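User: Hello! I am new to this structure and would like to get to know it step by step. Could you walk me through a few questions?

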Amino acid sequence: MVPDYLTIAEAARLIESRELSPVELLDSRLDRIARLDDRLHSFILVTADAARAVARTAESEIMAGRSRGPLHGIPIGLKDIYETAGVATTGHSRVMQDHVPAADAFSVKKLRAAGAVIVGKLATHEFALGGPSFDLPWPPARNPWDVSRFTGGSSSGTGAAVAAGLVLGGTGSDTGGSIRGPAAYCGLAGIKPTYGLVSRAGILPLAFSLDHAGPLAWTAEDCAVVLQAMAGHDPTDPASADRRVPDYVAGLAGDVKGLRIGWVRHFYERDNPADIATGAAIGAAALTFEEMGCSLREVSLSPLAEWAACGMIIMLAEAYTIHEAELRRRFTDYGEMFRDRMALGALVTAADYVQALRRRRELIDELDRAMTDLDVLLTASAASEAPPIDSVGKFSTFERPSLTIPFNVTGCPAISLCCGFTDGGLPLSLQLVGKRFADATVLRLAHAYEQATPWRRRRPVVTL
Amino acid sequence: MTRAELDTALVRLGLAVPEAERNDIAAATQLLEAMIARLRPPGGRNVSAEPAHVVRFSEG
């Protein structure tokens, strides 16, 4: 009997010791999808036959002593903006529901090469922006902790599927917080890596200069495993960094004692006030970091609204540029939430966009200066528990400044972690941010925090 | 932006926004305008202030 919940690291150990076969593991996930996903709507498409073929190959290779590493034989899901050869990649949109790519995205090729078993394509907000929407060909994903709640977005299906144990990990994309938001609301670890670390080639774009691809998983350790497979130079992505990828998994074992943490409290205490439970949970986490031997000091940055204005104007302008022709041709084929947000993007002028880019340079310089004698920043990744899914307004992302978008503006690595639960049993979250290309430091501190706290022992009970 | 200004802009942009959605968008332009205003510092910016993205060509 395969447990309902396993981390990637746990499953990899069982597979390596031949106590669990990739085929058994996949079948247990497919059974779970069949039982639970009618409630969660996390999958747009389950590719069971193809996954079984890959799992059987993985089993043969592992039995023959040809293990490819900790992702070999592990069932994962792909946000449905990652292109997959011969398999529809829709962006969760009517506009692309018949789009069948000829080739895999670069990062998908790398995941397959690492031996991952791709179970299917996961729900997203339409083109990673418009959601939760109820007027698209597929319903929005639901939060496994409470199906009346929002998953966060836009990597909504990945958040739901990983939290419910339908897959052990998955891919997301993050333009303003679309990995970290679902990680926060669904109680997961989700890292937006440094800009340029993971290729964007073959991933449907939202905003070229802010788009980051990365993993969501149950733990920071699992994120390290998946990121290891995804990261690496891709000459076809003009933003791809041509530099050596560190060993993120090995790096988890390093000491965190002496790490210098800057605590950006005003982001969630004044600029976008978090609820009492979130503030208390982050405060408790700060004490834990001190007990682990880290030093903490408060850091003040420009108000969150400055970062959000810069990021949102860039996002709207770049996204509208991508969809301009189709929006003019068939506006109402898009969902209402996406198309009306894009109508705002159409009103951004060229001067507005360039002013946002100038502001971006100032903000990048500001953060770099603030982090000169720091290793990591601590702040919130969400201001509250997951709200009811039907309470999310069409323009809600513009009403309160995002806690996550500052680090899309700067390209810094940022991870959302679970740091407790509300009295009602919903996850709470925090955010750790590193210097560009110091993803290993962020993962190491996140892993140490998870080891020092009990939050990874609690899993959702999905009610049927 | 008023509803009339929005209607004019949408004609220029060539976007066939349904009538039922136009008031929502017109109201949301206040949020957009507030963000845009934040991008321009009081007194303006140094004329030489570069954007974050400039093209740097490799040599050779």
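User: Which residues in helix 2 of chain B meet helix 1 of chain B?

Analyst: Happy to help; please keep in mind that this is a predicted model. From helix 1 of chain B, the residues taking part are B:Arg3, B:Leu6 and B:Asp7. Their partners in helix 2 of chain B are B:Arg22, B:Asn23, B:Ile25, B:Ala26 and B:Thr29.

User: How are helix 1 of chain B and helix 2 of chain B oriented to each other?

Analyst: Two packed helices are described by the angle and the distance between their axes. Here the axes of helix 1 (residues 3–13) of chain B and helix 2 (residues 19–38) of chain B come within 9 Å and cross at roughly 105°. An angle of 65 to 115 degrees counts as roughly perpendicular. Helix 1 of chain B and helix 2 of chain B are therefore roughly perpendicular.

User: Does the radius of gyration of chain A agree or disagree with that of a compact globule?

Analyst: Chain A has 464 residues, and a compact globule with that many would have a radius of gyration near 23 Å. The value for chain A is 20 Å, so the answer is that it agrees.

User: Which helix of chain A gives the largest share of the side that touches chain B?

Analyst: The contact takes 31 residues from chain A and 25 residues from chain B. On the side of chain A, the elements giving two or more residues are helix 11 (304–330), helix 12 (336–346), helix 13 (350–370) and helix 14 (396–399) of chain A. The largest share, 10 residues, comes from helix 13 of chain A.

Definitions and conventions
Residues are numbered from 1 along each chain as its sequence is written. Chains are lettered from A and ligands numbered from 1 in the order in which they are written. This is a predicted model: local features need pLDDT of at least 70, side-chain atom pairs count only at pLDDT 80 or more; totals for chains, interfaces and linings use all residues. Two residues are in contact if their C-beta atoms, placed from the backbone, lie within 7 Å. Helices (H or I, at least four residues) and strands (E, at least two) are DSSP runs, numbered from the N terminus. The radius of gyration is taken over C-alpha atoms; the globule rule is 2.2 Å times the number of residues to the power 0.38. Axes are lines fitted to C-alpha atoms, for helices over the stretch in contact, and angles run from 0 to 180 degrees between N-to-C directions. Angles under 35 degrees count as roughly parallel, over 145 as roughly antiparallel, 65 to 115 as roughly perpendicular and the rest as oblique.
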